[in-house]
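Visitor: I would like a close look at a single part of this structure, followed outward to what surrounds it. Please take it slowly, since I am new to this.

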Amino acid sequence: MILRAALMVLALTSSAAAQEITAARFAEPTERYTHGILGDAIEFGALQIDVAGRGTVTVTLPRDHVFEDVAPRLWDVTGDGLPEVVVIETDVALGGSLAVYGPSGKIAETPHIGRTNRWLAPIGAADLDGDGAIEIAYIDRPHLAKVLRVWRFKDGALKPVADVSGFTNHRIGERDIAGGIRDCAGLPEMVVAAADWARVSAVRFGSNGFEVRDIGPHQGRDSFAKALGCQ
């Protein structure tokens, strides 16, 4: 009986490993959406996902969608210890959304912002409040609304949890997205800039809502690198 149970665990582990995403990249550059928020008019029409034991899986978007992003992110969103692919997927008429892809296709997606030329900038994914579920955070319209939004992956979907105004992580034309999530004292913190870019902040999210702590003056990307390195 013990041997059978051990073999079942081994089989499940091997099956999961065979579905593990090992890398991802954008493909099919396109100029069909001319927002240019990342410094040029080139976005991407396809996503290539490398899956252990299966090779490369290609996701090709319809012509009214693009990946309006700097690079795919390998983040564990489902909480199973294996990464999913998190990307900014834009509807040319309805703006950006945050989409999560697995080895077999799209798993979950936030609603599109609601109009063209509106974008969001991801921060990171972690169990922010210690409840065992993974939350994803992003800045909604980092050049306009400057709202930090938290979504939780639960029951196979991303569900809105909370938001707070007054933060950003990107300026028009920048080729990267600033900040991220750090764990310097056993608790995850989101590292972002104040809305006016004067200061860098650490933002925690828990059962009592948001807790904001000033880290120091913003002095370029080095400020974020030091903060993420717990300096």
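Guide: Start with one pair of residues: alanine 121 stands opposite isoleucine 139, which belongs to strand 10. Strand 10 is the part we will follow, and the model it sits in is predicted.

The neighbour on the alanine side is strand 9, residues 120-126. Strand 9 and strand 10 run antiparallel and are joined by 6 bridges. Strand 10 also pairs with strand 11, residues 147-154, again antiparallel and again through 6 bridges. In that second pairing, glutamate 135 stands opposite arginine 152 of strand 11. Between strand 10 and strand 11 lie 6 residues, and the two strands make a hairpin. One residue of the turn, arginine 141, has a positive phi of about 50 degrees.

Next, the side chains. In a regular strand, side chains alternate between the two faces of the sheet. In strand 10, Glu135, Ala137 and Ile139 point one way, while Ile136, Tyr138 and Asp140 point the other way. Is either set of side chains buried or exposed? Both sets are buried. Because 6 of the 6 residues of strand 10 (residues 135-140) are buried, the strand is largely enclosed by the rest of the structure. Buried here means under 20% relative accessible area.

Now return to arginine 152, the residue opposite glutamate 135. The side chain of arginine 152 meets that of aspartate 129 in a salt bridge, at 2.7 Å from N to O. This pair links distant parts of the chain, with the two positions 23 residues apart in numbering: aspartate 129 is in the loop between strand 9 and strand 10, and arginine 152 is in strand 11. Arginine 152 has a relative accessible area of 18%, so it counts as buried. Aspartate 129 has 24%, so it counts as partly exposed.

Another salt bridge joins aspartate 155 and lysine 159, whose closest N and O atoms are 3.5 Å apart. Aspartate 155 is exposed, with a relative accessible area of 67%, and lysine 159 is partly exposed at 36%. Back at our strand, Asp129, Asp131, Glu135 and Arg152 are joined into one network by salt bridges that share partners. Glu135, one of the residues of strand 10, is thus listed both as a buried residue and as a member of this network.

How many salt bridges does a search of the whole structure find? The search finds 19. Among them is the one between the side chains of glutamate 89 and lysine 106, at 3.1 Å from N to O. Here too the pair links distant parts of the chain, 17 residues apart: glutamate 89 lies in strand 6 (residues 84-91) and lysine 106 in strand 8 (residues 105-109). Glutamate 89 is buried, with a relative accessible area of 3%, whereas lysine 106 is partly exposed at 39%.

Finally, the setting. The chain has 17 strands and 2 helices. Of its 231 residues, 45% count as buried. Among contacts with a separation of 6 or more, 45% are between residues 24 or more positions apart. The C-alpha atoms fill a box of roughly 60 × 45 × 30 Å along the principal axes. The radius of gyration is 19 Å, which agrees with the value near 17 Å for a compact globule of 231 residues. The chain exposes about 10,900 Å², and carbon and sulfur atoms supply 53% of that area.

Methods: Residues are numbered from 1 along each chain as its sequence is written. This is a predicted model: local features need pLDDT of at least 70, side-chain atom pairs count only at pLDDT 80 or more; totals for chains, interfaces and linings use all residues. Side-chain values use heavy atoms; hydrogens and water are left out. Buried means under 20% relative accessible area, exposed over 50%, partly exposed in between (1.4 Å probe, protein chains only). Helices (H or I, at least four residues) and strands (E, at least two) are DSSP runs, numbered from the N terminus. Two strands pair if DSSP finds at least two bridges between them. A salt bridge is a side-chain nitrogen of Lys or Arg within 4 Å of a carboxyl oxygen of Asp or Glu. The radius of gyration is taken over C-alpha atoms; the globule rule is 2.2 Å times the number of residues to the power 0.38. Contact means heavy atoms within 4.5 Å. Accessible areas come from the Shrake-Rupley method with a 1.4 Å probe; for residues, only the protein chains shown count as cover.
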